[in-house]
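Here are a few exercises to work through with the model open beside you. Try each task before you read its solution.

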Amino acid sequence: MTLRTSLFVPLLAAALALFGAENTGFISGVWQGDANYDADGKFSDCTMTAQAESGVLLGFVISKYYEWGLVIADEGHDFQVGTTEAVVLVIDQRDPIPAIAKVIDVHGIVIPLENSDPVLAALREGKVLTIVAEGAKISFKLTGTKEAIAELAACVTEHLNSEKVDAATALRIRVAAPAHYRREKSFSMSASLSSI
């Protein structure tokens, strides 16, 4: 599976900032969510986060390309950026879900998730998610996750649709803009993509 790590780095920063956030796009159960934008102001993803009793922040993200995954932010732990580790996601008594976690920040990891019915059903209907890695085990209550995942998907659809409307308006404006302005605005400052 290809992972657009560059989309998850801003997510981690947003997730860490949500420790003190009060104004969010939606609240569902224990989850708080909102849309995120890149440095150019373009929609990049929607994120929802919840804090475990241990203080660790868990986040789900769906990118504008419908890639999705988990983000774990733990300010009390220092990870080695750029490393990967095999992990297993255990939801209640269901079959374990193997995955690869990638360290994207000194305080955070991202775990890309397969976009499949068994994974979605487990997360929507599950009560407790346990992430098991070598020497570590973290558990999260999934209170309200079914509704929150639906809200998260709706967030992506809403912001993609508004981006299309904005793009149509921008196209009409660009027709009258000088050529150098059109070239400058079409340049995208995307970070390199990496795969796991």
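**Exercise 1: Where to trust the model**

Helix α4 (residues 179–186) has the lowest mean pLDDT among the elements of the protein, at 28, while strand β7 (residues 84–91) has the highest, at 93. Here pLDDT is the predictor's confidence in each residue, from 0 to 100. Helices (H or I, at least four residues) and strands (E, at least two) are DSSP runs, numbered from the N terminus. This is a predicted model, in which local features need pLDDT of at least 70, side-chain atom pairs count only at pLDDT 80 or more, and totals for chains, interfaces and linings use all residues. Residues are numbered from 1 along each chain as its sequence is written, and side-chain values use heavy atoms, with hydrogens and water left out.

Task: find the stretches where pLDDT is below 50.

Step 1. Start with the whole protein: its mean pLDDT is 75, and 70% of its residues reach 70 or more.

Step 2. Look at residues 14–23, where the pLDDT is below 50; this stretch has 15 contacts (heavy atoms within 4.5 Å) beyond near neighbours in sequence.

Step 3. Go on to residues 167–196, where pLDDT stays under 50 and the model has 21 contacts beyond four places in sequence.

Step 4. Keep this in mind: where pLDDT is low, the predicted coordinates should not be read in detail.

**Exercise 2: An aromatic cluster**

Task: work out how Trp-31, Phe-60 and Trp-68 form one aromatic cluster.

Step 1. Rings of Phe, Tyr and Trp (its six-membered ring) pair if their centres lie within 6.5 Å; planes under 30 degrees apart count as stacked, over 60 as edge-to-face and the rest as tilted. The structure holds 3 aromatic pairs.

Step 2. Take Trp-31 and Phe-60: at 5.3 Å centre to centre and 65° between the planes, they are edge-to-face. Trp-31 sits in strand β3 (residues 31–37) and Phe-60 in strand β5 (residues 57–63), so this pair ties together parts 29 residues apart in sequence.

Step 3. Now add Trp-68: its ring centre is 6.1 Å from that of Phe-60 and the planes are at 20°, so that pair is stacked.

Step 4. Check burial (under 20% relative accessible area is buried, over 50% exposed, partly exposed in between; 1.4 Å probe, protein chains only). Trp-31 is buried at 0%, Phe-60 is buried at 0%, and Trp-68 is buried too.

**Exercise 3: Two sides of a helix**

Task: which residues of helix α2 (residues 117–125) are buried?

Step 1. The buried ones are Val-119, Leu-120, Ala-122 and Leu-123.

Step 2. Seen down the axis of α2, these buried residues fall within an arc of 160°, so they line one face of the helix. The arc is that of the directions from the helix axis to the C-beta atoms.

Step 3. Turn to the other side of α2, where Asp-117 and Pro-118 are exposed.
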